[in-house]
Amino acid sequence: HRVRGRPRGVRPRTAVAARRPPPVDTQLQAATQSLIASPVDYVVVTTGIGFRGWVEAAEGWGLGPSLLSVLGHSKVLARGPKAKGAVRAAGLVETWAPSSESNSEILDHLLSSGVDGRRVAVQLHGEPLPSFVSALRSAGASVVEIPVYRWTDPVDVGPLERLLETVLGRGVDALTFTSAPAAVNFLATSSRMGRYTDLVSALREMVVVCVGSITASPLVSVGVPVVQPDRARIGALARTVATELPARATRVSVGECRLEVRGQAVVVDGVVRGVPPAPMAVLRALSATPGKVLSRPVLMGVLRRHSGRDGNVDAHAVETAIGRLRSALGDSTLVQTVVKRGYRLAVPA
């Protein structure tokens, strides 16, 4: 909403997509005991909060000094600044950290160093890292996975479902994600609601910004274009949104007016006008091909996709949406009726 203290006029909507409950004690304790009994050569620290939780849990079991002693004799690889901070707060010093703050660079470093016959501990960040772990094992390493925490559904899924419905209705201009589990659960929630295909289609039509490559991977894997900031930081993410939205705005000259289509409004010659969801869906369709006539059956399909219903959308619904759109724009001449053919924006030929 603000970048470097300056308001940008954005109206944010938020929802918790995943939560992190307390550590998985039994699995984590077993992994910690295994590591202490058979020390490792390398320790990969992927998140600061995860490493701190691991050390705190070990202290609670009376294993804190033993764990820190083992880690102190290992080569510690810290993925980013927060991970390095947690390592140093525990009285340790990282051996190496990637400049890109990515797991892929850590993996390349380990493989180039040679891990055949080596023992490597990998602190997970709420999700398994199958490709990372399998690559190490294929190279001859013995890998100990450290499941410090796991991500689950939020306690109250209501806000998440409402945000998802807003996204499906194209009621937002941009959607941001700050963790991979949140992206995974957002997609999973749409599947439970029977709207997965509709959601993927909607995401492909808007600006989707992820804080980093790990967060982006679940969306990229299903064909959603994702924008990432140069650095994996929340502030950089906000600046990316502030840059991308104006650059990607749909702008159309209609008659003597200049329209800029946004998520829940349209700017007509510099004046912001709110547009209800169904008329907005029609306006997006009309502005996607300015001046082209869209028939009533085509616009019925637009409204059907917008509502998520297979039926109950007729020609009268189209006429109603057109009427409400003209009223919202404040100028009925901006949307023309082409007799026996349909409707179009009044773009000069």
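## Helix 5

On one side of helix 5, Asp-108 and Ser-112 are exposed. The structure described here is a predicted model. Helix 5 spans residues 103-113, and its buried residues include Asn-103, Ile-106, Leu-107 and Leu-110. These four lie on the same side of helix 5, because they cover an arc of only 100 degrees around the axis. Asp-108 and Ser-112 belong to the other side of helix 5.

## Aromatic pairs

A pair of aromatic rings is described by the distance of the centres and the angle of the planes. The count of aromatic pairs in the model is two. One of them joins Phe-51 and Trp-54, whose ring centres are 6.1 Å apart and whose planes stand at 90 degrees, an edge-to-face arrangement. Both residues belong to helix 2 (residues 48-60); because they are three residues apart in this helix, about one helical turn separates them. Phe-51 and Trp-54 are both buried.

Phe-177 and Phe-186 also form an edge-to-face pair, with 5.5 Å from centre to centre and 70 degrees between the planes. Are these two rings buried or exposed? Phe-177 has a relative accessible area of 5% and is therefore buried. Phe-186 likewise counts as buried, its relative accessibility being 2%. The cut-off that applies to both residues is a relative accessible area under 20%.

## The second largest pocket

The second largest pocket holds about 900 Å³ of space. Its lining is made up of 32 residues, and those closest to the centre of the pocket are Arg-79, Lys-82, Thr-178, Val-211 and Ala-232. Which elements give two or more residues to this lining? They are helix 2, helix 4 (81-89), helix 8 (180-192) and helix 10 (213-220). Helix 2 is also the element that contains Phe-51 and Trp-54.

By residue class, the lining of the second largest pocket divides into 13 polar, twelve nonpolar and seven charged residues.

## Cysteines and disulfides

The count of disulfides in the model is zero. A disulfide would require a pair of cysteine sulfur atoms within 2.5 Å. With a relative accessible area of 0%, Cys-210 is buried. Cys-257 has a relative accessibility of 15% and so counts as buried.

How values were computed. Residues numbered from 1 in each chain as written. Predicted model: local features only at pLDDT ≥ 70, side-chain atom pairs only at ≥ 80, totals over all residues. Heavy atoms only, no water. Phe/Tyr/Trp six-rings, centres within 6.5 Å; stacked < 30°, edge-to-face > 60°. Buried < 20%, exposed > 50% of the residue type's maximum accessible area, 1.4 Å probe, protein only. 1 Å grid on protein atoms, 1.4 Å probe; cavity = no way out; pocket = protein on both sides within 12 Å on 5 of 7 lines; lining within 4 Å. Points joined across faces, edges and corners; volume = space filled by probe spheres on them. Nonpolar A, V, L, I, M, F, W, Y, C, P; charged D, E, K, R; others polar. Arc of directions from axis to C-beta.
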